[in-house]
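User: Please take a close look at the charged side chains of this protein, with the pairs they form and their surroundings.

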Amino acid sequence: MQASRLLGRSLVKSRPPVLPRSPFARRLLSTGTEGASAPPPPKPSLWKRFLQVTGSITLVTLATGGAFYYVAQKDRQPGPQLPHDPTKKTLVILGSGWGATSLLNSLDTVDYNVIVISPKNYFLFTPLLPSVAVGTLSPRSILQPTRYVTRHKRRQVQVIEASATDVDPVAKTVTFADTSEIQGLVSTTTIPYDYLVFAVGAEVQTFNIPGVREHACFMKELEDAEKMQRRFLDCLESAAFPGQTTDEIKRLLHMVVVGGGPTGVELSGELHDFLEQDLRSWYPELAEHVRISLVEALPSVLPMFSKQLIEYTESTFKEAKIDILTKTMVKEVKDKSVVLQLPDKTIAEVPCGLVVWAAGNTLRKVTRDLMAKFPDVQTNRRGITVDECLRMVGSNGSIFAIGDCTATSYAPTAQVASQEGAYLARLLAQIAKKDETEARLKELQLSSGPEAKEEREQLEKRLTKLEKLRPFKYSHQGSLAYIGSDRAIADLPFFNGNLATGGVATFLFWRSAYLSTLFSVRNRTLVATDWLYVKLFGRDVSRE
């Protein structure tokens with residue numbers, strides 16, 4: 001009897017506890033139990049965290065690199081293109097500068113048979129030309145082959161490396177010649193056009209000052225920057241030659257930059273950076289003798305910028321020991337000196353080793369010859385007179401002119417030419433639709449059915465709209481300039497006023513703005529890589 005009681009008591013004790021039926025009560029019970037008894041989770045080891053971070057970085061790097069490789073390969077392998085269509089009109093583009101390249105980028109080549117004629121088979125990013133002159137950038141980094149642009153268009157574009165020698169606006173023909181070193185059996189020919197885009201740019205203005213072409217370096221084309229770099233390094237090596245007198249060393253190392261615009265200011269800043277960042281390391285015995293002078297005939301440098309930024313540039317140059325000679329005119333450039341007219345009208349002959357001329361543009365011969373064929377309406381010496389739609393006055397709408405070869409109310413800058421090219425691409429697309437509509441109306445003239453009549457009415461309404469061409473309006477996006485010492489200035493439109501800023505932050509903005517303006521991933525990569533290379537290893541001081 002007692003044994004059975006003990007057995008029953010043990011059975012009762014071995015039963016599992018009965019959980020509350022209410023979910024809320026079970027949740028409270030479980031939470032309280034776990035909170036009281038669960039141990040804290042173990043912290044991951046330092047090695048495990050290192051592997052996790054390394055794995056994440058590796059995955060991001062592989063994904064970014066794969067996307068970059070895909071984009072680069074896609075650019076290298078353009079797809080098939082439509083052939084030339086004999087039913088389409090012929091559009092001839094003279095030049096490969098800012099205006100012409102911007103036009104090609106925006107133009108739908110399906111509307112025309114496009115032919116590009118230029119003595120250069122590439123586009124040159126001219127704002128970074130001073131960086132090439134001192135070795136900050138490689139020359140190839142700021143070149144964009146014209147065929148890179150044309151091969152990515154929907155219809156084939158014929159690219160001809162030649163110089164236009166004559167334009168006949170009556171017969172609508174262009175004559176051009178092969179001016180390269182190697183020529184074939186045929187080196188000159190003439191082709192017809194329906195529409196002509198005249199974008200040949202301008203050449204350097206010397207104002208007929210003696211000795212400029214013979215002894216000065218220009219800063220207009222790529223070969224000018226390479227020539228200036230060679231001569232600058234030649235001056236350094238000649239100054240390092242044993243036995244040179246102190247006066248001769250000072251003469252050889254005196255660099256004179258003529259022109260206080262953005263090109264002259266940026267070149268002076270780049271020369272100063274070259275001196276401070278590289279020459280002091282590799283030419284310590286000569287670095288103290290290097291002198292940079294900036295000559296400008298106007299009362300101040302950078303007249304297109306605000307007064308505040310002009311003063312900031314002048315103070316920065318003063319800190320960098322760059323001499324600014326305003327109200328000073330060049331009278332003659334000699335082999336070993338430059339003759340200046342100072343503000344007090346006195347004449348001084350200044351010894352120097354290198355003169356860089358960056359002081360304005362003038363018209364090319366082919367532009368002057370074309371203007372001479374319209375003597376009654378083309379009388380502006382600054383360039384071709386165009387209407388509000390960039391059509392050459394007197395050409396009956398068959399010739400368009402953009403860029404530095406025109407005389408407009410806008411400054412002859414890359415920004416203006418680029419916007420003109422993009423506008424002209426839209427205008428030519430509208431003209432193509434208008435021409436197509438007119439051709440269809442001629443076909444319907446012979447039809448007399450009700451359907452043909454209804455279509456004619458619709459086409460006439462459409463033609464009325466297409467004949468209304470919007471005039472070109474320039475939108476100023478601001479002005480940028482590099483002034484050396486990792487500083488830049490920016491004059492940007494801000495609401496109804498301007499935002500003037502300068503310094504290191506503006507320098508970073510200047511670099512990012514130029515990177516985004518470059519036309520291809522290839523150029524952006526090359527320029528960014530060159531900047532990184534110079535930051536790590538410095539500029540190359542070897543001379544070819």
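I would like to begin with one residue: which does Glu288 count as, buried or exposed?

Analyst: Glu288 counts as exposed, at 63% relative accessibility; here buried means under 20% relative accessible area, exposed over 50% and partly exposed in between, with a 1.4 Å probe and protein chains only as cover. This is a predicted model, in which local features need pLDDT of at least 70 and side-chain atom pairs count only at pLDDT 80 or more, whereas totals for chains, interfaces and linings use all residues. Residues are numbered from 1 along each chain as its sequence is written, and side-chain values use heavy atoms, with hydrogens and water left out.

The side chain of Glu288 meets that of Arg280 in a salt bridge, at 2.8 Å from N to O; the term stands for a side-chain nitrogen of Lys or Arg within 4 Å of a carboxyl oxygen of Asp or Glu. Its partner Arg280 is partly exposed, with a relative accessible area of 31%. Side chains of opposite charge can pair when their charged atoms come close. By the rule just given, the count comes to 19 salt bridges.

Another of these pairs joins Glu223 to Lys120, whose closest N and O atoms are 3.1 Å apart. Glu223 lies in helix α8 (residues 222-239) and Lys120 in the loop between β2 (112-118) and β3 (122-124), so this pair ties together parts that are 103 residues apart in sequence. Helices (H or I, at least four residues) and strands (E, at least two) are DSSP runs, numbered from the N terminus. Glu223 is partly exposed at a relative accessible area of 36%, and Lys120 is likewise partly exposed, at 28%.

A local pairing is found in helix α9 (residues 246-252), where Arg251 and Glu248 are three residues apart and thus separated by about one helical turn. Their side chains meet in a salt bridge, with 2.7 Å from N to O. Arg251 is buried, with a relative accessible area of 11%, while Glu248 counts as partly exposed at 23% relative accessibility.

Elsewhere, salt bridges link Lys89, Lys434, Asp435 and Glu438 in a network.

Charged residues also appear outside such pairs: Glu451, Glu454, Glu457 and Glu460 form a negative surface patch. Patches are made of residues with over 30% relative accessible area and no salt bridge, like charges being joined within 9 Å and nonpolar side chains (Val, Leu, Ile, Met, Phe, Trp, Tyr) within 5 Å. Lys and Arg count as positive and Asp and Glu as negative, while His and the chain ends are not counted; the place of a charge is taken as NZ of Lys, CZ of Arg, CG of Asp or CD of Glu. Glu460 has its place in helix α14 (residues 450-466) and is partly exposed, with a relative accessible area of 43%.

For a nonpolar counterpart, Leu532, Tyr533, Leu536 and Phe537 form a surface patch with about 490 Å² of accessible area together, a value from the Shrake-Rupley method with a 1.4 Å probe, where for residues only the protein chains shown count as cover. Tyr533 belongs to helix α16 (residues 521-537) and counts as partly exposed at 48% relative accessibility.
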